[in-house]
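Trainee: Could you take me through one part of this protein closely, with the cut-offs behind each term, and then show me where that part sits in the whole?

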Amino acid sequence: LLSPRPHNTVSVEERIEGFFEAFTERNLLIDHSLILDDLTTNLPGVSQRESYERDVARIAEVLRQRPDVTGVMALEYNLAVAARTAAERTGLSVPGDLSILCFDHPPWTLNTEPLFTHLRQDEEKMGRLAVEILLDLTKGDKARDNGVGTRRVHLPVELVQGTTTAPAPAKSRKVQSV
């Protein structure tokens with residue numbers, strides 16, 4: 001699991017919660033050493049080139065140390081890009097050796113390779129609901145919230161099959177050092 005720090009970011013917290021729930025529902029153990037939840041690529045106030053290279057190096061190190069890893073769930077598109085770079089730097093093919101799945105795929109990158117397998121959210125509906133909620137709150141209408149000025153809304157996502165996922169390889173892989 002590749003994630004920025006989840007603190008005070010509801011969408012990231014809920015994505016991580018969903019990841020854990022999926023494992024729990026299938027009675028699978030979670031190896032917490034494979035959760036990188038403090039990545040900084042694309043965080044405001046952080047040098048993007050330095051943070052991207054630092055994140056790529058951390059992901060590559062995990063891939064080198066753990067040849068049993070066959071898939072990555074990136075909670076943000078740019079972390080999926082970092083995972084792909086890390087895979088390339090360690091001599092792994094995507095999706096042959098490593099599958100990468102992420103949330104969202106910026107529309108301006110949909111015609112480029114690779115097309116990441118991703119969970120697409122209805123961003124237009126999210127925006128419309130956010131404005132409706134804000135307007136309700138400015139009017140003092142708390143009938144649709146939880147009584148403390150916030151409302152939790154769950155919207156479905158769509159799995160978009162791209163070119164970055166495949167069945168797990170049958171045998172273990174070897175990675176090269178960089």
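**A glutamate on helix H1 and its surroundings**

Mentor: Glu13 is partly exposed, its relative accessible area being 35%, where partly exposed covers the range between buried, under 20% relative accessible area, and exposed, over 50%, with a 1.4 Å probe and protein chains only as cover. The model is a predicted one, in which local features need pLDDT of at least 70 and side-chain atom pairs count only at pLDDT 80 or more, while totals for chains, interfaces and linings use all residues. Residues are numbered from 1 along each chain as its sequence is written, and side-chain values use heavy atoms, with hydrogens and water left out.

Glu13 belongs to helix H1, residues 10–25; helices (H or I, at least four residues) and strands (E, at least two) are DSSP runs, numbered from the N terminus. On the surface, Glu13 gathers with Glu17, Glu21 and Glu25 in a patch of negative charge. Such a patch is made of residues with over 30% relative accessible area and no salt bridge, like charges being joined within 9 Å, and a salt bridge is a side-chain nitrogen of Lys or Arg within 4 Å of a carboxyl oxygen of Asp or Glu. Asp and Glu count as negative, and the place of a Glu charge is taken as CD.

Following the chain into the loop between H1 and strand E2 (36–39), one comes to Asn27, whose phi is near 55°, a positive value in a residue other than glycine. Asn27 is exposed, with a relative accessible area of 71%.

For the wider setting, the protein has four helices and six strands, which run β-α-β-α-β-α-β-β-α-β from the N terminus on. Of its 178 residues, 35% are buried, and the accessible surface, computed by the Shrake-Rupley method with a 1.4 Å probe, comes to about 11,000 Å², with 54% of it belonging to carbon and sulfur atoms. Among contacts (heavy atoms within 4.5 Å) with a separation of 6 or more, 69% are between residues 24 or more positions apart.

Pro169 offers an example of parts distant in sequence being brought together: this residue, in the segment after strand E6 (157–160), is 71 residues from Leu98 in sequence and 8.3 Å from Leu98 in space, C-alpha to C-alpha. Leaving out residues up to four places away in sequence, Pro169 touches Thr70, Gly96 and Asp97, and Pro169 is itself partly exposed, at 28% relative accessible area.

Conventions:
Patch = residues over 30% accessible without salt bridge, like charges linked within 9 Å, V, L, I, M, F, W, Y side chains within 5 Å.
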